[in-house]
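Here's a friendly walk through one protein structure, meant for someone seeing it for the first time. Take a look at the picture, then read on.

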Amino acid sequence: AVLKHISRFEDPLEEHWRGEYKLMERDAAYRAIHAPKDFAELRAAQRRLRFDEFLRMQLALVSRKRALARVSRGIRHNVDGALVHAFVSGLPYELTRDQSNVLNAIKEDMGSSVPMHRLVQGEVGSGKTVVSAAAMCIAIQGGHQAAFMAPTEVLAEQHMAVLGQLLAGLRVPASDGSLFHDRDVRVALLSGRTPAAQRRTIAH
């Protein structure tokens, strides 16, 4: 009933973008979603309206990210330190091109004073944990702690075992002028069952 009283829905997407992503016009999509000629038109309408929904979500996230970047300040890390180099060169294999590209993007983020907001996606076994461990090394070599969070305790224990192997034998180089010697990279599991005394030890 509403559609009968609306002459046309304005389309925020220019024709160039509609053509590139093979999207129907917004007005046609709103009308076809209610009264499609066939299943092909219905699917095309659904695809366009889904695109619009995800576009609105993405624009909101980008707007929020830019607003945070204007007012937030994070830690500017040294991304090319000896610990990161030792970790990557000590792997029994070379990083893939995709892994290297992602790590370089993370380095660029962590080398900036703007807090990083990045989502790393990949199939199981694609090397997300290795890239995450390299990012953790960037923080560790600067004297910070790094946390690898997992949604369940079982998964946390599995990641603990993997990270323990990946980081075994690595030592944090003492900074210039430091009174301390090189120190081992320490991996610890912190969960809801960790006793308070052990929590304090891990935190420090």
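## A small group of rings

Let's start with W17, which is partly exposed at 36% relative accessibility. Here buried means under 20% relative accessible area, exposed means over 50%, and partly exposed is in between, with a 1.4 Å probe and protein chains only. Y21 is partly exposed too, with a relative accessible area of 37%.

How many aromatic pairs does the structure hold? There are 3 of them. The ring centres of W17 and Y21 are 6.2 Å apart and their planes sit at 20°, so this pair is stacked. For the record, rings of Phe, Tyr and Trp (its six-membered ring) pair if their centres lie within 6.5 Å; planes under 30 degrees apart count as stacked, over 60 as edge-to-face, and the rest as tilted. Ring pairs also bring in F51, making a cluster of W17, Y21 and F51.

## What kind of model this is

This is a predicted model, so local features need a pLDDT of at least 70 and side-chain atom pairs count only at pLDDT 80 or more, while totals for chains, interfaces and linings use all residues. Residues are numbered from 1 along each chain as its sequence is written, and side-chain values use heavy atoms, with hydrogens and water left out.

## An unusual loop residue

K22 sits in the loop between helix 1 and helix 2. Helices (H or I, at least four residues) and strands (E, at least two) are DSSP runs, numbered from the N terminus. Most residues other than glycine have a negative phi. K22, though, has a positive phi, near 55°. Is K22 buried or exposed? With a relative accessible area of 68%, K22 is exposed.

## Salt bridges

Side chains of opposite charge can pair when their charged atoms come close. A salt bridge here is a side-chain nitrogen of Lys or Arg within 4 Å of a carboxyl oxygen of Asp or Glu, and a search of the whole structure turns up 13. One of them joins R48 and D11, at 2.9 Å from N to O. R48 belongs to helix 3 (residues 39-71) and D11 to the segment before helix 1 (15-20), so this pair ties together parts that are 37 residues apart in sequence. R48 is buried, with a relative accessible area of 0%.

Another salt bridge stays inside one helix: D27 and R31 both lie in helix 2 (residues 26-34), 4 residues apart, about one turn of the helix. Their closest N and O atoms are 3.1 Å apart. D27 is buried at 9% relative accessibility, whereas R31 is partly exposed at 26%.

Then there's D109 with R118, whose closest N and O atoms are 2.6 Å apart. R118 is partly exposed, at 44% relative accessibility. Elsewhere, salt bridges that share partners join R8, D11, R18, E25, R26, D27, R31, R48 and D52 into one network.

## Helix 5 and its two sides

D109 lies in helix 5 and is buried, with a relative accessible area of 18%. Leaving aside residues up to four places away in sequence, D109 touches V114, M116 and R118; contact means heavy atoms within 4.5 Å.

Helix 5 has 14 residues, which at 1.5 Å a residue should span 20 Å, and its end C-alpha atoms are indeed 20 Å apart. The expected span is 1.5 Å times one less than the number of residues. Which residues of helix 5 are buried? They are Q99, L103, I106, K107, D109 and M110. Seen down the helix axis, these buried residues fall within an arc of 160°, so they line one face; the arc is that of the directions from the axis to the C-beta atoms. On the face turned away from them are the exposed residues R97, D98 and E108. The buried residues of helix 5 pack against helix 4 and helix 6.

## Helix 6, mostly covered

Helix 6 (residues 128-141) also fits its expected span: 14 residues should cover 20 Å, and the end C-alpha atoms are 20 Å apart. In helix 6, 11 of the 14 residues are buried, among them V130, M136, C137 and I140.

What do the buried residues of helix 6 pack against? Their partners are helix 4 (82-89), helix 5 (97-110), helix 7 (153-166), strand 1 (171-172) and strand 2 (183-184). Just after helix 6, G143 takes a positive phi of about 90°.
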